[in-house]
Amino acid sequence: MSHDSESMEPRPLIPPSVLLPEITFKAVLLSIVLSAALAGANAYLGLFAGMTVSASIPAAVVSLAVLRLFRTSNILENNIVQTAASAGEALAAGVIFTIPALLLINYWTTFDYWQTTAIAAVGGLLGVLFTIPLRRALIQAAHLQFPEGVATAEVLKVGTATASPSTRVTMDPTRGFHTLLSAALMGGVVKLGESGFRLWNEAIEGATTMGRSVWYVGMNLSPALIAVGFIVGLPTATVIFLGGAIGWLVLLPIYATLVGVPPHQSAIASAMELWSSQIRFVGIGGMLVGGLWTIVQLRRPVLTSIRGLMEAYRPASSLRARQVLSPRTDRDASPPWIAALFVISVTGMLGLYYLVIGQGSIAVLMTVIMVVAAFVFSAVAGYMSGLVGSSSNPISGMTIATIMLSALLLVLIMGRGHPAGPAAALLIGAVVCCAAAMGGDNLQDLKTGYLLGATPWKQQVMQVIGVLTGAVVLAPVLALLQTKYGIGEVTAEHPHPLSAPQATLMASLAEGVFGDSLPWHLVGFGALLGMITIWADHRLAARGATFRLPVLAVALGIYLPLKLSAAILAGGLVAELARRRTVDSSGPPANQGLLFAAGLVTGEALMGILLALPIALASVWPSLGADPLRLVATPPLGAWPGLVLLAGVSALLYRAARA
């Protein structure tokens, strides 16, 4: 790199010569608590809405509010806390996109604690280890933006009164914490009234049959979905709703006209059954094309990332010498530490694969596929995080590609109809998905540390702590959510389960490849729609349009229940109204709206998990009743109380965004 290029790099806030405590007891303790809480909250949100959001900024705000109670706290301690906390929530995305699929294919009847923990831990550790050598290449040399990492650094600067004069972040950490906490309490109370006491219905919806056809409209009344729409913004929310409109308002009535509606059911039940058994496979076809297109688009970043990895893995003696000579702010974890964790992780997964398959040669092949795919997609996710941020990373597309490739290779060796085949493909995809989710998050956090002057190897240690914390808590969280709500499948006990769209998709892919059970005509039609969407998006890009049509977002909309995408669109509209009014008033956008939205998500998600505890206890003590908290058999006012509360929450969110 030329001298001119190096001179463009911003200087770290804390110079390398200044030594501040980073990994302290209070920082580690707070990191573990936040990592566990945010991992559970993101698991609920991902299973409910099919989307996850980055928790770096909310974690940074909580850290600022808590650690400022201690006289000796500093900005690098706060950075350590958000590093570990965001690792826990990122790992949750990798887990919930894949692990529940093992239940959906009936490989498990309940979540196996040790296997779930091992898969999450190994995938997360590989994501950390494979992105360590990319830090210099992607953060220092490539000049990637890492938008969420930069935003988190600015929040931490403001919170410690060391912000640069040019910063646009205008937020007092105490006020920010109060905003986050009050919104979390609000989201939790609304969830308690709806899902705990059952005082109103979860959605306002209706359907009608017209001849042989059926029409459905609806909107979920969840504050968390409004918050998700606010966070992702109107353009993304609109694209997701567009996919939902295609699936529910166009394809569903047409398909019902052709085949008729299921007899002896209500109009709503008929619409739900047709969507679940037929229309959502159109979304699968769109996601398949989207996943493959993602890989095609990322071919150059893949090659760049791999070259960076190869350059980084020099002889150990050279690496040790560089570690000794480098300044504090340029020291990564030592090669022996990386090698030891890698060997432990790979050996553990080899043992698990052998336990599933029972054949050593196939277990070795699965391990090789897993390592190579995790290696490539961790690098890709890191590169994409630098371009668009970790929340916008196409993790599901990478996982789709992994599971399809793994399943096809295993079919060649094991043959169709092998009982363990779908589970084997999913176990490979689960590790890779966790690694990719962690890869993007890790480099985002390292970018924050780079701007602040943190010590990289200490951040990498905290990333490992965040991964292990998340891995330990996610299995019981998933078990509780399954008990309370059900996951992915409508049953008599759980008529409104968590939709788990990605996990349902992965299960359908794995079973479809091995059993040839997919309705391929609908999948093919979805693939055609995906190609048309890619063409339309390419035309929009050529014209320089600000509105785009990312194929994975459109396909996700087709795959999601319409009531979810409608609520996400409503949140996007709140964000757009607040943005326009803020711009008109000539003031910079504040972060209070983002924190309020994050609080709504966190509060509702944590309450959703807590509400599962009475159900779990009822299975031990039947005298408590099947649903101990339920106050009424049928909500007397239907969905209207929820609609009024949702309007009030949206108004408060709008007000916070303009504050």
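## Ser270 and its helix

Helices here are DSSP runs of H or I that cover at least four residues, and they are numbered from the N terminus. In this predicted model, Ser270 belongs to helix α12, which covers residues 267-297. Its relative accessible area is 1%, and because buried means under 20%, Ser270 counts as buried. When the neighbours within four places in sequence are left aside, the contacts of Ser270 are with Val261, Pro262 and Gln265.

## Confidence in the model

The protein chain has an average pLDDT of 84, and 88% of the residues score at least 70. In residues 1-7 the pLDDT is below 50, and this stretch makes 4 contacts in the model beyond near neighbours in sequence. Residues 162-171 also have a pLDDT below 50, and for this stretch the model shows 21 contacts beyond near neighbours in sequence.

## The chain as a whole

The protein chain contains 26 helices and 2 strands, and 59% of its 659 residues count as buried. If one takes the contacts between residues at least 6 apart in sequence, 83% of them join residues that are at least 24 apart. The area that the protein chain exposes is about 26000 Å², of which carbon and sulfur atoms supply 67%.

## Helices α15 and α21

Helix α15 runs over residues 335-357. Its 23 residues, at 1.5 Å a residue, should span 33 Å, and the C-alpha atoms at its ends are indeed 33 Å apart, so expectation and model agree. The buried residues of α15 are Pro335, Ile338, Leu341, Ser345, Val346, Met349, Leu352, Tyr353, Val356 and Ile357. Just after α15 comes Gly358, which takes a positive phi of about 80 degrees.

Helix α21, at residues 520-542, has 23 residues and should span 33 Å at 1.5 Å a residue; its end C-alpha atoms are 33 Å apart, which agrees with that expectation. Within α21 the buried positions include Leu522, Val523, Gly526, Ala527 and Gly530, and Thr533, Ile534, Asp537 and Leu540 are buried in α21 as well. Gly544, which follows α21, has a positive phi, near 75 degrees.

## Aromatic pairs

There are 8 aromatic pairs in the structure. In the pair formed by Phe130 and Phe342, the ring centres are 6.1 Å apart and the planes meet at 55 degrees, so the pair counts as tilted. This pair links distant parts of the chain, since Phe130 lies in helix α6 (residues 113-131) and Phe342 lies in α15, with the two positions 212 residues apart in sequence. As for their surroundings, Phe130 has 6% relative accessibility and therefore counts as buried, whereas Phe342, at 28% relative accessibility, counts as partly exposed.

Elsewhere, ring pairs join Tyr44, Phe48 and Tyr485 into a cluster.

## Charges over rings

Phe48, a member of that cluster, also has Lys191 lying over its face, at 5.9 Å from the ring centre. In a second arrangement of this kind, Arg280 lies over the face of Phe281, at 5.0 Å from the ring centre.

Note on methods. Residues are numbered from 1 along each chain as its sequence is written. This is a predicted model: local features need pLDDT of at least 70, side-chain atom pairs count only at pLDDT 80 or more; totals for chains, interfaces and linings use all residues. Side-chain values use heavy atoms; hydrogens and water are left out. pLDDT is the predictor's confidence in each residue, from 0 to 100. Contact means heavy atoms within 4.5 Å. The expected span of a helix is 1.5 Å times one less than its number of residues. Buried means under 20% relative accessible area, exposed over 50%, partly exposed in between (1.4 Å probe, protein chains only). Rings of Phe, Tyr and Trp (its six-membered ring) pair if their centres lie within 6.5 Å; planes under 30 degrees apart count as stacked, over 60 as edge-to-face and the rest as tilted. A charge sits over a ring if NZ of Lys or CZ of Arg is within 6 Å of the ring centre and within 35 degrees of the ring normal. Accessible areas come from the Shrake-Rupley method with a 1.4 Å probe; for residues, only the protein chains shown count as cover.
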